[in-house]
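Here's a structure to poke at over coffee. Have a look before reading on.

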Amino acid sequence: MTWRVVLLESRWPEALAELVRRAGWEPVCAPAVAEIPTPPEELAEPLGQLCAGEVDWVVFLTGVGVQRLYEAAQALGRGEAFVQALRTVAVAVRGPKPVAALARWEVRPQLSAASPYTTAELCRALDAVELAGRKVWVQHYGEPNHALRDYLLRRGAAVVDVLPYRWGLPEDTGPLRHAVRALAAGQVDALVVTSRPQVIHLFAVAEQEGLLAPLQAALGGRVVVAAVGPTTRQTLESYGVKVAVLPDHPKMGPLVEALRAYAGARSG
């Protein structure tokens, strides 16, 4: 049986689609998120603090955030100062993607969260650090990470919030709207979700289409829902969706493998 699998991935849609094809299924690509860069001038003040050596810790949460900030610093004529600052300040990261982004400048983080690389693991790693009275420069992504910010404030840190990009709907929402209609009509076998904002935008479009209840019914019934990691699963569950598949490692390859194993067990 060839499954039709809706993919909401926007950053690497073809890579995920190819994994689904290799599993013997038909991918239905419906990008749900656009990353909207913050204008460099809006980042000038926090970048200035970093480049002037006025912060004690820098926290990077995403690899793309590292790149966006470097591009903004370059636009402001501070690209080299940005890199030099990262080579001298203590750096903490949430997972392997910011590690890889920083490696291009030979910047090695002093602290990294453990798998599955959520805010909870990052906070546990920071528990060992003295933060009272320290200035912590935090790269948020898409929207402020309130849980991390609240944790740092409780620890007595002064927080510098930096948001290098925001989440929005794609300019062309046609594929996403088509996918919502197909899901609600029972024309899809599985849904693969790889980030929290994908869930929010999926349900926002369903509400616009007048299909919120049918979508919730489909995702609570015949459609197999696979989530890349705990944060995505929790977001889906907050909308009343039952997540059937969660990989051991929060990456696209293990996610598709876990979905294939689930499909095989169910058909067997």
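What follows is a short round of questions and answers on this predicted model.

Q: In what order do the five strands of the open sheet come?
A: The pairing in this open sheet is parallel. Two of its strands, β6 and β8, have a single partner strand each, so they stand at the edges. Reading across from one of them, the order is β6-β5-β4-β7-β8.

Q: Which residue in β8 is the bridge partner of glutamine 139?
A: Start with the strands: β7 covers residues 135-139 and β8 covers residues 158-162, and they pair in the parallel sense over five bridges. Helix α7 (residues 146-154) joins these two strands in a right-handed β-α-β unit. In β8, the partner of glutamine 139 is valine 162.

Q: Which residue in β7 does tryptophan 57 stand opposite?
A: β4 spans residues 57-60. Four bridges join β4 to β7, and the two run parallel. Tryptophan 57 has as its opposite number in β7 valine 136.

Q: What angle does the direction of helix α2 make with that of β7?
A: Helix α2 (residues 44-51) packs on the sheet, where it touches β4, β7 and β8. Its direction and that of β7 make an angle of about 130°.

Q: What angle does the direction of helix α5 make with that of β5?
A: Helix α5, residues 96-103, also packs on the sheet. The strands touched by α5 are β4 and β5 (90-93). Against the direction of β5, the angle is about 140°.

Q: How many residues are in the largest nonpolar core?
A: Those with the most contacts inside this core include Val6, Leu183 and Leu202. Elements giving two or more residues to it are α8 (174-184), β10 (190-193), α9 (196-208), α10 (212-219) and β11 (224-227). A second, separate core of 25 residues includes Ala73, Val83, Ala85 and Val160. The largest core has 28 residues.

Q: Are α8 and α9 roughly parallel or roughly perpendicular to each other?
A: Residues in contact here include Leu176, Val180 and Leu183 from α8, which meet a set in α9 with His201 and Leu202 among them. The helix axes are 10 Å apart and the packing angle is about 75°. That angle falls in the 65 to 115 degree range, so α8 and α9 are roughly perpendicular.

Q: Is glutamine 198 buried or exposed?
A: Glutamine 198 is found in helix α9. Beyond four places in sequence, it touches Leu8, Glu9, Ser10, Ala32, Val33, Val192 and Val193. The cut-off for buried is under 20% relative accessible area. At 2% relative accessibility, glutamine 198 counts as buried.

Q: Is glutamate 121 buried or exposed?
A: Glutamate 121 lies in helix α6 (residues 119-126). Leaving aside neighbours within four places in sequence, its contacts are Ala113, Ala114, Ser115 and Pro116. With the line drawn at under 20%, a relative accessibility of 13% makes glutamate 121 buried.

Q: What is the relative accessible area of serine 115?
A: Serine 115 sits in the loop between β6 (111-112) and α6. Not counting neighbours within four places in sequence, serine 115 is in contact with Glu121 and Pro250. Serine 115 is partly exposed, and its relative accessible area is 38%.

Key: Residues are numbered from 1 along each chain as its sequence is written. This is a predicted model: local features need pLDDT of at least 70, side-chain atom pairs count only at pLDDT 80 or more; totals for chains, interfaces and linings use all residues. Side-chain values use heavy atoms; hydrogens and water are left out. Buried means under 20% relative accessible area, exposed over 50%, partly exposed in between (1.4 Å probe, protein chains only). Contact means heavy atoms within 4.5 Å. A nonpolar core is a set of buried Ala, Val, Leu, Ile, Met, Phe, Trp, Tyr and Cys residues joined through side-chain atoms within 4.5 Å. Two strands pair if DSSP finds at least two bridges between them. A crossover is right-handed if, with the strands pointing away from the viewer, the path from the first strand over the helix to the second runs clockwise. Axes are lines fitted to C-alpha atoms, for helices over the stretch in contact, and angles run from 0 to 180 degrees between N-to-C directions. Angles under 35 degrees count as roughly parallel, over 145 as roughly antiparallel, 65 to 115 as roughly perpendicular and the rest as oblique.
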